[in-house]
Every structure is written in C-alpha cells, then in structure tokens.
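Had a look through this one for you. Here are my notes, in no special order.

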Amino acid sequence: MNTLLNNSDLFITGFRNTLILFIVAGIFALILGTIVATLRVSPIPAMRAAATLYINVVRNTPLTLVLFFFALGYPKLGLVEIDFMTAATVGLSLYTATYVAEAVRSGINTVPVGQAEAARAIGLPFTQTLTLVILPQAFRAVIPPMFSVFIALLKNTTVAAGFSVAEAGAIRSNLSERGEPAMAGLLWVALIFVLLVFILSFVQRKFEKKWKVAR
C-alpha cells in the first residue's frame, strides 16, 4: 500500500494517460473500423479489395512495429509533426480498427439476407440499407466480441510505454528510478488493470441485457 500512496502522482498520471489513449483510440477505431467493415461488404470490388488489404496488412503486423513506425519512421517523412502521445493514439487506432472491422463484418453476416432484399425492394440505396437496416442489428449482435476488442485495446496501451509515453506501462521503470520496489508497483498496476477490465465487463453485460437480440 505504501508503494501506491507514496507514488500516487505516478499512478494518477500513468493511468490518466492510459485512459486517454484508450478512450480516444477506441472512438477512432470504432469509427474507422465500421467504415472499413462497410467497405468489406460493398458491391464495388475495388473498395472490398482495399479494405481487405488494409485489414490483412495491419492486423498481421505486430503492434510494436506499428507504434515503432509512428514514433521513429513517421517523423522522417517530413509531414505534420506529432508528439509521442498522438503517435501512439494513431497507431493504436489504426491497429484496433482492423479488429473492430472484422467484428462488425461478422455482425453484418448475421443479419438475414431477406432484410437487405426487402430494403432494396422499397427503393433504399446501399448506404441507407446499411445504415438504417443492417448496421443497427449488426452492432447488437457483436457486443461481446466488440468489448473483447476494447479490453485488448486497454491492455495494448501499455506497449506505448516503450515509445516515451508516460502511461501505466511506464510506472515500473519510474518506480525503479525512485528506488521503490518494482514488484510491488507491478502488482498494483496489474490490480488496477483487472479493476478496469471488470468495469468494462460490467458495461458489456448491461449492453447485452439492453440490446439482447431475440433468436
């Protein structure tokens, strides 16, 4: 307990940045992933191919390499300068979006084909069929896998500690510099992460009860 209380500033700063990374990257990943999922089921072959290529390339690349590119490779391109926190957010967003896209696509596949055909029969174009008929049902069907993706994102934020981002993954090294027991610090970090995962699991169950799909 002394390790936590005596170094509360490190824990507060670390987990504050972790939550910022998680929330911002989660929002962008959800938006981008949904767009990519719609491209995956698009009637236009070029869009399907582009979405498939993006998912296969990014999802099969280790997250460390994705963050390594944005931390060290991106600055050499001479584009807009971004700090390490922004670079980590962009990397996590692009990486997590591939998993969100596959989760949403699996939800789209659970919607009966007859519903899309009925929407087209009454004159709805593809975009309206997707946004008004298919996606609302798809999201209800993929709540468990979607929250699993976000739980993985929460834990993946610790990788950013290796790229000069002062989040929860960096607490151990900072404790070592202060001469504090690193093992005790790691246990507290792990305990807080477990608590955060429990909170996400609780929210997931609430959404499942509220949006339960009748079979």
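Below are a few points on the surface and on the aromatic side chains.

1. First, a reminder that we're looking at a predicted model. Please read the values here as computed from that model.

2. There's a nonpolar patch on the surface, covering about 680 Å². Leu-19, Ile-20, Ile-23, Val-24, Ile-27, Phe-28, Ile-31 and Ile-35 make it up.

3. Take Ile-27 from that patch. This residue sits in helix α2, which spans residues 8-40. Its relative accessibility comes to 47%, so Ile-27 goes down as partly exposed, given that the partly exposed class ends at 50%.

4. On to the rings: the structure has four aromatic pairs. One of them joins Phe-15 and Phe-193, with 5.4 Å from centre to centre and 55 degrees between the planes, which makes the pair tilted. Phe-15 belongs to helix α2 and Phe-193 to helix α10 (residues 182-210), so this contact ties together parts that are 178 residues apart in sequence. Are the two rings' residues buried or exposed? Phe-15 and Phe-193 are both buried.

5. Another pair is Phe-69 with Phe-70, and this one is edge-to-face: the centres are 5.1 Å apart and the planes meet at 75 degrees.

6. How do Phe-69 and Phe-70 fare for accessibility, and what relative accessible area does each have? Phe-69 has 39% and is therefore partly exposed. Phe-70 has 11%, so it is buried, as the buried class covers anything under 20%.

Technical notes. Residues are numbered from 1 along each chain as its sequence is written. This is a predicted model: local features need pLDDT of at least 70, side-chain atom pairs count only at pLDDT 80 or more; totals for chains, interfaces and linings use all residues. Side-chain values use heavy atoms; hydrogens and water are left out. Patches are made of residues with over 30% relative accessible area and no salt bridge: like charges are joined within 9 Å, nonpolar side chains (Val, Leu, Ile, Met, Phe, Trp, Tyr) within 5 Å. Accessible areas come from the Shrake-Rupley method with a 1.4 Å probe; for residues, only the protein chains shown count as cover. A salt bridge is a side-chain nitrogen of Lys or Arg within 4 Å of a carboxyl oxygen of Asp or Glu. Helices (H or I, at least four residues) and strands (E, at least two) are DSSP runs, numbered from the N terminus. Buried means under 20% relative accessible area, exposed over 50%, partly exposed in between (1.4 Å probe, protein chains only). Rings of Phe, Tyr and Trp (its six-membered ring) pair if their centres lie within 6.5 Å; planes under 30 degrees apart count as stacked, over 60 as edge-to-face and the rest as tilted.
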